[in-house]
Amino acid sequence: YRSDGASRKNGWGIQCLAGAGAAYWRPGSRGGGEPHEKWRAYLDAGATNNVAEYEGLLASMRRAARKRDKEVIFEVDSMLLARQIGHVWACRSPSLTPYYEKCLQLGDTLDARGITWSIRHIYREYNQAADSLSNEAIDVGSWESAGW
């Protein structure tokens, strides 16, 4: 799974437009070519980029819990997410804590179902599919789930 989030300022105010995206490749494909499944969501105005990043990861983790693959790798281009969910950095932000805790709960769910999972940071240039989906969500202003 690869996920991403995007946030853009809307005019001169503090409002932002935000979107999240996620892509899934079948095991063995190594994330090459077109994703097997895609997801995107337009987020409420004011969502930060970090919130959008967490929304993309949450969508991926929820899908992984439903599909029950034996082994899952979540790849994100947010160092913050990779380090927080990987228990390297603490999450001290009141606005991010609910998302962080949901991810940890989903991680526990995956563990309980016997699903081996990990999260790792990848560079932005390797996350183009999820990046495009998160930006498309902002442009279109709606969510989409293709087989998700």
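Ser3 stands opposite Val76 in strand E4. This pairing belongs to a predicted model. Strands E1 and E4 run parallel to each other and are joined over two bridges. The bridge partner of Arg2 in E4 is Glu75.

On another side of the strand pairing, E1 (residues 2-9) meets E2 (residues 16-24). These two strands are antiparallel, and eight bridges join them. Within E2, Ala18 is the residue opposite Ser7. Strand E4 also pairs with E5, in the parallel sense, over six bridges. Here Ile73 stands opposite Ser118 in E5.

Salt bridges were considered next. The count comes to six. Among them is the contact between the side chains of Arg2 and Glu75, at 2.6 Å from N to O. Arg2 lies in strand E1 and Glu75 in strand E4, so this pair ties together parts that are 73 residues apart in sequence. Arg2 is buried, with a relative accessible area of 13%. Glu75 is buried as well, with a relative accessible area of 10%. Both values fall under the 20% cut-off for a buried residue.

Glu75 also takes part in a salt bridge with Arg120. The closest N and O atoms of that pair are 2.7 Å apart. Arg120 lies in strand E5 (residues 116-121) and Glu75 in strand E4, so the contact ties together parts that are 45 residues apart in sequence. Salt bridges that share partners thus join Arg2, Glu75 and Arg120 into one network. Arg120 counts as partly exposed, at 41% relative accessibility. The network therefore holds two buried residues, Arg2 and Glu75, along with the partly exposed Arg120.

A further salt bridge links the side chains of Arg8 and Asp139, at 2.8 Å from N to O. Arg8 lies in strand E1 and Asp139 in helix H4 (residues 128-140), so the pair ties together parts that are 131 residues apart in sequence. Arg8 is partly exposed, with a relative accessible area of 32%. Asp139 counts as exposed, at 56% relative accessibility. Strand E1 thus supplies Arg2 to a salt bridge with E4, and Arg8 to a salt bridge with H4.

The helix H1 covers residues 49-67. H1 has 19 residues and reaches 27 Å from its first C-alpha to its last. That span is close to the 27 Å expected at 1.5 Å a residue. H1 is mostly covered, with 14 of its 19 residues buried. Arg68 follows the helix and has a positive phi, near 60°.

A positive phi also appears at His87, at about 65°, although His87 is not a glycine. His87 is found in the loop between helix H2 (79-85) and helix H3 (97-112). The residue is exposed, with a relative accessible area of 59%.

Another loop residue is Gly28. Gly28 is found between E2 and strand E3 (37-43). At 73% relative accessibility, Gly28 counts as exposed. Gly28 and Glu136 are 108 residues apart in sequence. Their C-alpha atoms are 27 Å apart in space.

The pockets were examined last. The largest pocket has a volume of about 400 Å³. Its lining comprises 16 residues. The closest of these to the pocket centre are Tyr1, Trp25, Arg26, Pro27 and Ile73. Strand E4 (residues 71-76) gives the largest share of the lining, four residues. By class, the lining has six nonpolar, three polar and seven charged residues. Ile73, listed among the residues closest to the centre, is the residue that stands opposite Ser118 in E5.

Strand E4 recurs across these results. E4 pairs in the parallel sense with E1 and with E5. Glu75 of E4 forms salt bridges with Arg2 and Arg120. E4 also provides four residues to the lining of the largest pocket.

Key:
Residues numbered from 1 in each chain as written. Predicted model: local features only at pLDDT ≥ 70, side-chain atom pairs only at ≥ 80, totals over all residues. Heavy atoms only, no water. 1 Å grid on protein atoms, 1.4 Å probe; cavity = no way out; pocket = protein on both sides within 12 Å on 5 of 7 lines; lining within 4 Å. Points joined across faces, edges and corners; volume = space filled by probe spheres on them. Nonpolar A, V, L, I, M, F, W, Y, C, P; charged D, E, K, R; others polar. Expected span 1.5 Å × (residues − 1). Buried < 20%, exposed > 50% of the residue type's maximum accessible area, 1.4 Å probe, protein only. Pairing = 2+ DSSP bridges. Salt bridge = Lys/Arg side-chain N within 4 Å of Asp/Glu carboxyl O.
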